[in-house]
Every structure is written in structure tokens, then in C-alpha cells.
Amino acid sequence: MIETVRFEWFVIPFLFGMAFVLGYCLIGMIRVIHELPQCDRKRFYLSLINPKIIWKNLRDIFCNCLLHIPLWRRNRLLGYMHMSIAFGWFLLIVIGHIQVLCFIPGRIHTFYHAIFFNYFVEETAPSTLGAVLAFGMDFSLLLILSGIGLAMFKRVASLLFGMRRTTRPSLLDRVGLYSLWAIFPLRLLSEGFVAHVSGGSFLTLPLNWVFRQFLSNPEHMVPTWWAYSIALCIFMCVLPFTRYMHIPAEMLLIPVRNAGIKIRHPRKGFARLEIYSCPGCGVCIDACPMSVKKANIKDTTVYLNRQLRRGNEKRIAEISDKCLLCGKCTALCQVGCQGPELRVAQRSLRRYGINQSYAGFSVEPFKEAVRGGRKVLYFAGCMTQLTPSIRRATESVLRKAGVPYTVMDPDGRLCCGRPMMMAGRLDQARALMEKNREIILASGCDTLLLSCPICYRVFAQEYDLPGIRVVHHSVFFEEMAASGALAHLESSQRPLVYHDPCELGRGCGIYDEPRALLGRLGRVVEAEKHHAESICCGGSLGSLSLGFDKRKDMTLNALRNLTVEDPETIVTACPLCLSTFDRYADRPVKDIAEVIDEAV
Amino acid sequence: MKESVVIIGGGVAGMETAASLLSLGYAPILVEQSDHLGGHVASWHRLFPDMTPASVVVDGLKARLDGATVFLETGIQFINRLKDGYNVMLTNGVSILAKAIVLATGFNLFEARKKEEYGYGIYDRVISNRDLEAWFSSGIDDRVPDQPRSLGFVHCVGSRDVKAGNTQCSKVCCITAIKQAIEMKERFPDAEIYCFYMDLRLFGKKYEDFYINAQRDYGIHFIRGRVSEVAETIDGRVQVKAEDTLTGHPVRVTLDLLVLMSGIVCNPDIASVTKNVTLERDEDGFLRSRDNISSITESPRRGIFYAGTCTGPKTVPETLAEARSAALNVHQFLLSSAE
Amino acid sequence: MDFGFKLSPSSAVNLDRVDLTLYRKVEAKAPDIRTCIGCGSCTATCTAGPFSGMSVRQVILDIQRGRLALAAKKLDACMLCGKCTMVCPRGINTRALILAVCENYRKEDAK
């Protein structure tokens, strides 16, 4: 191969676009890292020299950003489509650079030679290396084109891709989309025109042959290269203002997340990174339990991210206040964008005229009541008062197993603090939590038993209780059953379905113990969507603005999901789920404690 | 040949309709799915405002049914609309051709178990108004203690409550609560009796006198505050939490027995009856009449009439009056269709 | 001359002159507030309970009668647990109501 010409004007748009997007990303990266709090920044830098984390970062970036492995798991067509474009383009760039290195190594610094290689060279003598590289290029191009074809098809038949609904693209999104679609056919066209000079492979050579039947003047090919370059320029210039910003953002998100950084400020730092990493794919729309009603579709996480980018405060507040905080969008998000955490962070921005001090609340009577109590401290929780069967059953099972316990809130005048946290009022929540903590520590217990997963989550994840084991009753009872402390467990073949409460399942990762426990006394069947994909009952306290009448459809949808295998009883592990389902279910709904109590 | 009229439901509404139709010269066919006539009233003890024994009312109605065909333990398999009437198929295989049908399917009592926070079915000392009325008749119920020193009545259980799925007032529970409170005070004169209400709705004949008597002669305490939850004490008694809204302070009391006034809700069996012949429901779940003022005993459909609580909560005298009105509607309808 | 009594302002609520600005703002966020029948279930079930004086029913009345400082004092004990919302027979979103009062209350307006 020899170089025919060193420079052509058509590379200018490309260079401009690339300078713009690279500059933008660099500034963005510096900004995000600078916005992190001091301790988080330090942590991040340390992670960059930690070999284990470095390896994880590389592996995650390769698997997530290029191969899109999580998307494959969701739906194969969707995964192939994204992988083909991402990985294909990656290959094009890499192989392009290898071509430059091999044949015109002096030009490696210009950037544009690797992209427009075929224009600037002439193949003097065919070589194996040249053929192999050309094959690689054509193959990658074909890969991308197949993906683009699928993408066009997806716009009309998204159901085939496992998505009932997709995001409505904004105007700039569309510009980015069409320019992206245009880039690769234009590249094929351009390379097709010059393949008789530069050499090519199975795609470009036949195309070139076709063209030479119609065209005699080689000057005709330059406009296609201009078009190619301009398409690239347009795409790169709009990229920072569209969903495609997720391409560079995700590459920074992965290392920052792997360093263990969490969302602190609602808009800056890690939050900004997550907001821009959102690829706008819309998987969260189908995931969201509220999307049963069309009116709620515009309140899903993908639209929250869009509004956050636009700074539309009114919509941000509406979307943030409505969310049930069930976490299903996070569970299914390909990028790991944390919907609930982002929204709670937005809620914490609000300023209030009344800030609770709980000055009149004295912990002394509570401390007196639990001092010198038993080793197991049972916190029934405020919601349990409205579902007394749960507390009764839990205490009954404890008694039958001979486990001595003290009830921390016999009169129910304590709240764990999580509802306040979910409302974004973290200072007030901390004040409440400090009071509870005093009482727990005064009791001298070594186990804190909860029958409500909302309480369990906050006690396990946010409280500082040294030397005290925090355990949910389903896990505790399963341990008791496994160790034989629960004698004579009556078992039958009655089909039972277990509903994974959002706070226990996605919130704390507890899926198996309740099922194991239930398996000892009945046949456990699964809902259609279960474990991390279970559907929220709709009763969640996470929503600040959803009224009672707006939740019925969500509950009915969740019940439909639970009863696909026609179980006899629906078993839950959360008092809120219990009372929500019991209102509309056509079959008995029981807490896991009640089911165990009946069987012991 | 006397004209047949099918009456679905053998409660007091159905019985009165049948009796009235007999006196007008028709051949009513009374279809009742349980094994006895008299419906809910038959299981009650005494009726307000004069403390008339329910059995007197029911027996009086039964005595007037000579000549009517009565099917017990029978349901409706389907109703088909014909050009000139209806074909009613009963579950016992009998098929009837009738020009007119009267629906007297009645009501259901709200399942108190659904208000889990009140502990019905969980705590021993919590019963419903129906349970208490049955105890008045039979004297047998383990949950009623021998010598209760304190009793409570909770109004509006399953009524005026969007969480219970029924936003309507059940009309008769307030007067029933006062009636039952007085009856308990007569049996246990030393007991303290509390009625927890949101509003007191005492609209009927001599109802206000009941209230005055309850206050003056029986010393029953009325507390304006809806009970939010009920807890059990160590010795098996129940403790009730409410706000005494008139003083603005929370109130708590331990009781030996708590009676929940379950409300009147629509009878779900109606769905199977009206499957083939669509009879609209009103927003409150009860059957919708042609007009709620001038034609409450007529359905929107030609030849189908309503009597009693199937269109909404009502008292026994109102039910009987509607039953007679429905019978008259049938009579006028059959006369006009014969022309 | 000392007549032995003071002239103190009447404790009657003058509906002609009550300041409903806070109430209107809360109404916009939680329109169901209008359907409150004052049954008291919210107060009865409140976790903050008897000693704190917290009562959603009374807070609603207070802001409807312009007694804002009293409402603020009661709200100091609210733990936002949500039990009041669960028991309300009219289906009012009391939690949203409480947050709306907390958000829009300004000490300067309180009497």
C-alpha cells in the first residue's frame, strides 16, 4: 500500500466534531470528578491503582459497553442489535488504526487516517495482511449494518424485541439517531467507490464493481466522503445533548461505581454521571409497576433523567414525588441507574418551614421498659398494629419454639425512620434513628428481630448497632426450622405463592430463606415475575403523591402476576403488602408468620 | 289461569311481594337459595323502633303465603329474555315462563374480618352486630363473657370507608347499635357501655327517642371518634384506641366485649342472576333503579322490578313498603301488557 | 381605674378575616383535604401518639381556622410513618398533606 494523498478538506467536519466531543467529554469528566466530595475523590483515585478494581473496570467496560451482555440476557435481539453497533464500531476504529500502523505508520497521529483510510491509500500489491485487515473492516461494517437494520425495524416492531413500550425520542435524539444510522451506509458507499484503488473485501469489492458499471468519473466519489464525514460530525456534535452521551458517560460510571462511590448530591458528582449514563432505552418503562396506567409512563426513570438534563424543576419534583421506590427499574437497568436513590436525593432538595425536632419525645420510658430484657428484642413496627395477626403469629411461633423475647414497642409508639428517609428528610430521620438506637442499646439484646421488611432494611443498612444481629422474621424462622427448633412442622402439598416484598427482595437481597421456609410446609409455586423482577404491591410508602384510588390498578396487576399458577394462598412477608393485597385478592393472603404458626 | 310472577329471594321483601301479588290475584313463584324463608330478618331478635320480635314479622308474612309456590334451596341457573317475557331456569330443573320478575335478592353484611385492625376473628372478645343479634336469640356464643363490666360498639365498620370498598352509609347501623346497646344494658345493668361513632344518623320514626333513652335512662356513653385499632390485653380483654374528637384528646378504654357494626353491602350473588339479562349497577354497587325518586322499584328493563335492599340499604318497614309497591307495579305492568 | 378585668382579644374564630393562604397551598397539593369529616382515626392511630399532641384532624382544623402556630407545634412530633393515611376512611393522602403544610409554613405568617 502507498499513500496517494495526504489531506483532503472533507476531513475537517470530522476533525471538528471529534475535537468538540472529546473536549466536551474531557471537561465533563473533570467536572464530575471534581464534584465528588473530597473523601469520594480520594477513594476513586486509590481505586485506579488497585489491580483488582482495574481488572474489574476493564472487564465491566468490555462486557457492558461493548458486548452489552446484560442486554443479551434481557432479549437476544436487543442485545445483538446494541452489541453489533457498539462492538462493530469499536472494531472498525481498532482495525483502522492497525491498518495505519501497518501501512502508513507516519500518519498515526492525524486521527483521520484511521477513519478514512481507504481514501488515502492505493493498494499496489495484494498482501495477506492487507486482505485480512480489509476482511476485518468489511466484517465489522457488515456487523454494524445488520444492527442498524434491526434498529430501524425496532422502531416499528418493538414487541419483537421484548419491549412493549419504548421512549419517545426528543428532537435532538432523532437528529443523533438518523445521523448515526447514516454514518455506516455512507461509509459503505464511500469505500465502495474507491475499492478498486484501495483494495477491499467481500462487501466493498462487489459494490465497487456495481458502481463502475454506471460511473466513469472518479471525482464522483468525493461527495460521498464529504457526506460520511459530515454525518460523523453531526453525530459527534449532538452526542453530548442526546441519549448517546451514555457512551462516554458509562465508561466513567463503571470505574466510579466500582470504587464504591454512592449518590450524595442530587445533581452533581455521581448523580450527574448516572443521569448522563442513561441510554434512554426505556426498559424501565415496562419494569415500572406504575406503567399499568398510561398516565404514569412519563414518570419512569428514563424520563426523570431526561428532565434532570433539561433542568425542568416542576417535572423533576412531580416525577420524584410520585415514585413507589420499588427499585425494579434499577434491577433491570442495563447501566445500573439507581432510580429510587436519585429520586430520594431530589426530594432531599426541598426546603421546609417546619422541621421536626422531636423535642418532646423522651426515650426514657422506653429504655426503662426494655432494660434487662431478653436477648431477642422484637420490634413489631408501626404498620404491624394495623395487621395484628402478624405480631400475634410471630410471638406465638417464638413462644412455641421456646425463644424468650422482649417487645420493644408494645404500644407501637416508635417508627423505624425509614418512611422519613424515603421522603428525603434525612436529618429528621437521623434524629428518630438516634432515639431508637438509644433504646435498642439500652436493652442489652444481641438480636433485633423485625417482622416488617421496611424496618428491617433501615435497621440493617443505616443503623449503627455494634454487636447486634438484625434479622427479619422469615430468615429467623427458617434458621429455627433448619436447626430443628420448630418441631412438628405440618407439611402438605397445597400450592403457595410467595410474594417478594420490594424492601426485602430487591432492597436487601433476601429471596431464598422465605421460600425455603415455605417449602417445608407446602408446595411453593412462583409468580410469573419473581425474585428481582417481582411486581410491587402498590401500597408502598415511597410515593408521596399517589392517592389511594390511583393504586388499585397496580395492586390488581401484581395480583394477576402472583396467581398465574393458581396458588391456594398468597404468602407475603410484609404487613403493608398484606393489607394491600388482602383488600382486592380473591384468595386468602397471609403473612409468612401466620402460615408457620398454623403449621407448628 | 293465574299469571305467574317469579320472585327471586325469599326474604321479607320477597315474601311481602308474594303476599301482595296473591291478594291481587296472581300466582307468585318464590325462589329462595337458603333452606328457610325470612332472609336476614329471620336471624334477628328484635326490631326497632318498638322492639317487635322479628319472628312475629316473619311468621306474619309466612301466614299470608297460602297459594304461593315456594322453592327453597333453589337458585337461578339463567334468565333468558323472550319476545314477550322471560324464561327463568331454576337449579332444580324447573323452567318458568313469566312476563314479570321481581328481584328481592337483598344484601350482604360486610365481612368484619376485612377490617383487620379491629381484630375480628383474631381476638376472642370481638364480635359483629350479627353475632350479637344471634346471641340474643340463642344465648350461645363463647365470645360473650358471662358478666361483662364494659362493652363497646364501633359504628361504621365497612361503611363510609373507602379502604373497605364501600363509601356509602349503611343507614341502619346507628339505630341498631343503640338498640343493641340498650338491650345489653338491660341484661347487664352495671356494665359501662360505649358507642364509638363518626356521626349519629337517627332519621326514622322514634329513633331520636331511642337516642335520648340511651343517654338518659341507660347511661350509655357516646364518644365521637372513629376507632383506629384494637389490641388485646394480657388477660384477653380488648383495648380500643380512638380520639375523643369533641374534647380533642386521645381516648383509650379496656373492654370485655367489642361489637362491630358491620355495614350493608351489595349481594355478590346478583352477578350470577343478572349475567344473561344485564341489569346495571349503580356506583355504590347496588342495583340501579329506573329512577331514584319516581320509580325506585322499577328496573330499567321492561318487566323486571326491584324490592328491598337489593337497591340499597333500608329499614324493614321501608322494605315492606317497596315490596307492596313492586307488587302494584307488576300488576299495572301486566294489565297494560295484556291490552 | 382598675375594673378587675382585662380586655383580651376574642378567642372566637372570625371566618370573615381568617387567613387561608397556607390552607390554599396545601389544598393545591392535597385536594382531598376538603373531604375530611373529622372522624379522628388519624389521631387515634398516630405513632407519635397521645403525649405529643399530634393530630392530623386538628392540624387540618387549625389551618382552616388560621391557627397556624398551633398546627406547627403539633407537627413537631410527626414521624411521617403513614399510618394515618392507611386508616383514613375518606382516602385522604394525609402524608402529602402534612408535607405540604411543613413545606409551605412560614414562621412570619403564624399567629
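## Exercises on chains A and B

Chain B has seven helices and 20 strands, where helices (H or I, at least four residues) and strands (E, at least two) are DSSP runs, numbered from the N terminus. The model is predicted: local features need pLDDT of at least 70, side-chain atom pairs count only at pLDDT 80 or more, and totals for chains, interfaces and linings use all residues. Residues are numbered from 1 along each chain as its sequence is written, while chains are lettered from A and ligands numbered from 1 in the order in which they are written.

**Exercise 1.** Decide why chain B counts as being as compact as a globular protein of its length.

*Solution.*
- Take the radius of gyration over C-alpha atoms, and the globule rule as 2.2 Å times the number of residues to the power 0.38.
- For 339 residues the rule gives 20 Å, and chain B has 22 Å, which is close to it, so chain B is as compact as a globular protein of that length.
- Along the principal axes, the C-alpha atoms of chain B fill a box of roughly 70 × 35 × 35 Å.
- As for burial, 48% of the 339 residues of chain B count as buried (20 or more other C-beta atoms within 10 Å of the residue's own, with C-beta atoms placed from the backbone).

**Exercise 2.** Trace how β5(A) is joined to β6(A).

*Solution.*
- Two strands pair if DSSP finds at least two bridges between them.
- β5(A) and strand β6 (residues 469-472) of chain A run parallel and are joined by four bridges.
- Within this pairing, Leu449(A) has Val471(A) in β6(A) as its bridge partner.
- Helix α23 (residues 453-461) of chain A completes a right-handed β-α-β unit with β5(A) and β6(A); right-handed means that, with the strands pointing away from the viewer, the path from the first strand over the helix to the second runs clockwise.
- β5 (residues 447-450) of chain A also pairs in the parallel sense with strand β3 (residues 376-379) of chain A, over four bridges.
- There, Val376(A) stands opposite Thr447(A).

**Exercise 3.** Find the edge strands of the open sheet β8-β7-β9-β10 (chain A).

*Solution.*
- The sheet has four strands in that order, with parallel pairing.
- β8 (523-525) and β10 (589-591) of chain A each pair on one side only, and they are the edge strands.
- From one strand to the next, the twist averages 40° (axes are lines fitted to C-alpha atoms, and angles run from 0 to 180 degrees between N-to-C directions).
- Strand β7 (residues 495-498) and strand β9 (residues 569-572) of chain A run parallel, joined by three bridges.
- Tyr498(A) stands opposite Val571(A) in β9(A).

Notes:
A residue is buried if 20 or more other C-beta atoms lie within 10 Å of its own, exposed if 12 or fewer, and partly exposed in between; C-beta atoms are placed from the backbone.
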